[in-house]
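Okay, thanks for coming, everyone. I've got one structure to walk you through today, so let me put it on the screen and then we'll go around it piece by piece.

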Amino acid sequence: MFSIEIVRSPERARPIRAALFDFDGTLSLVREGWQNVMIPYFCEVIAAAPGAKDESSEHIETITREFVDKITGKQTIYQCIRLAEEVQARGGAPLDPLDYKNEYLRRLQRRIQSRIDELEQGADPDRFVVPGGRRFLSLLRDAGIKLYLASGTDERFVKQEASLLQLTDYFDGGVYGAQDDYKTFSKALVISRLIESNSLVGAELVGFGDGYVEIENVKAVGGYAVGVATNEANPGGGIDDWKRRRLLDAGADAIAPDFSESDRLFAFVVNGQTN
């Protein structure tokens, strides 16, 4: 049985020439659980604002989760900008969004440092790669498809973690991430540049991701968008229903639990084959 949920089949009048991948949650498991760091921290900040005294903790968590989820895939600073807006709306004096970002990263680093340490000490990198990811990248690369990696995580971290996972060499189109000057980077900009530099039309692009942003950006140029709804806490354990719903809402053309059916997924995306 084909595990890929097909919403719209790919039209292959033109061959796929480029593929764009998100990183965290799509290929990498190093930052698994980041939401469990960001959301409680943001809730803590919002609840401390003067106007939040009459709001329940459940209400604050609901609105925080909604905006964090919606912005996932963009640079982290955008979630922190929204946090500052929520504080201001409740009569508080928000910090600079960069201060919120730095504190979030400090807390996240405590959660993931043991994973970084393991990789630096020679642990099998595939322990922290979404199942089938390496095989799938190899199939695309060997077919002559140019691969790009674009993440909302700071570029220095993306490059470090991609290197530790031994994935960097697959991305002959480059590895891109958030910049200190956040207005100079977005996944939409990466897509625009890769289309221009390779003289592509949108139908020659396929994208893979687990967030709204990359799905919407790929769809916006006429590409084929595959939502990767991996259960990050239990890799290989089936689909994450929450991710699936979010990706379908974003307009994903197909949903995959991971890349474990690499050969079949490759045949489907590149040639439209499902058997």
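**A walk through the sheet and its surroundings**

Let's start in the middle of the sheet entry: Gly207 has Ala225 of strand 6 standing opposite. One thing to keep in mind before I go on is that this is a predicted model.

Stay with those strands for a second. Strand 5, residues 205-209, and strand 6, residues 224-228, pair in the parallel sense, and there are four bridges between them. Another facing pair here is Val206 with Tyr224 of strand 6. To get from strand 5 to strand 6, the chain goes through helix 8, and that β-α-β crossover is right-handed.

Now turn to strand 2. Strand 2 and strand 5 run parallel and are joined by four bridges, and Leu20 stands opposite Gly207 in strand 5.

So how buried is strand 5 itself? Five of its five residues are buried, so the strand is largely enclosed by the rest of the structure. Look at which way they point: Leu205, Gly207 and Gly209 go one way, Val206 and Phe208 go the other way, and all are buried. If you want the textbook background, side chains in a regular strand alternate between the two faces of the sheet.

Let's zoom out. What is the strand order in the sheet? The sheet is open, with seven strands in the order 1-7-6-5-2-3-4, and the pairing is mixed. At the edges are strand 1 (5-6) and strand 4, and each has a single partner strand, so one side of each is left without a neighbour in the sheet.

Here's what I like about strand 4, residues 174-178. It stands at an edge of the sheet, and yet four of its five residues are buried, so it's largely enclosed by the rest of the structure. Its pairing with strand 3, residues 146-154, is parallel, over four bridges. Tyr148 has Gly174 as its bridge partner in strand 4. The connection from strand 3 to strand 4 runs through helix 6, residues 155-164, and this β-α-β crossover is right-handed as well.

Back to strand 2, where you'll find Ala18. With a relative accessible area of 1%, Ala18 counts as buried. Leaving out residues within four places in sequence, Ala18 is in contact with Ile145, Lys146, Tyr148, Leu194, Leu200, Glu204, Leu205 and Val206.

On to the helices. Helix 8 covers residues 212-220, and its buried residues are Tyr212, Val213, Glu214, Ile215, Asn217 and Val218. What do those buried residues pack against? The answer is strand 2, helix 2 (57-71), helix 7 (187-197), strand 5, strand 6 and helix 9 (241-250). Just after helix 8 comes Gly222, with a positive phi of about 90 degrees.

Next is helix 5, which holds Arg134. Is this arginine buried or exposed? Arg134 is buried, at 17% relative accessible area. Its side chain makes a polar contact with the side chain of Asp126, at 2.7 Å. Not counting residues up to four places away in sequence, Arg134 touches Pro125, Asp126, Val129, Leu165, Gln166, Leu167 and Tyr170.

There's another arginine to look at, Arg115, in helix 4 (residues 97-120). Arg115 is buried too, with 14% relative accessibility. Among its contacts beyond four places in sequence are Glu32 and Phe128.

Then there's helix 1, home to Phe42. Phe42 is buried, at 0% relative accessible area. Its contacts beyond four places in sequence are Thr64, Phe67, Val68, Gln79, Cys80 and Leu83. Take Gln79: it sits 37 residues from Phe42 in sequence, and the two C-alphas are 9.4 Å apart.

Last stop, the nonpolar cores. As a reminder, nonpolar side chains in soluble globular proteins tend to be buried together. The largest core here has 67 residues, and the members touching the most others are Phe21, Leu140, Phe171 and Phe208. Helix 1, residues 35-47, gives the largest share of this core, eight residues. A separate core has 20 residues, including Leu200, Leu205, Tyr212 and Ala252.

As for Phe171, setting aside neighbours within four places in sequence, this residue is in contact with Phe21, Leu27, Leu137, Leu147, Tyr148 and Leu149.

That's the tour. Happy to spin the model around if anyone wants another look.

Definitions and conventions. Residues are numbered from 1 along each chain as its sequence is written. This is a predicted model: local features need pLDDT of at least 70, side-chain atom pairs count only at pLDDT 80 or more; totals for chains, interfaces and linings use all residues. Side-chain values use heavy atoms; hydrogens and water are left out. A nonpolar core is a set of buried Ala, Val, Leu, Ile, Met, Phe, Trp, Tyr and Cys residues joined through side-chain atoms within 4.5 Å. Buried means under 20% relative accessible area, exposed over 50%, partly exposed in between (1.4 Å probe, protein chains only). Helices (H or I, at least four residues) and strands (E, at least two) are DSSP runs, numbered from the N terminus. Contact means heavy atoms within 4.5 Å. Two strands pair if DSSP finds at least two bridges between them. A crossover is right-handed if, with the strands pointing away from the viewer, the path from the first strand over the helix to the second runs clockwise. A polar contact is a pair of N or O atoms within 3.5 Å; within protein, one must be able to donate a hydrogen and the other to accept it, and residues adjacent in sequence count only if both atoms are side-chain atoms.
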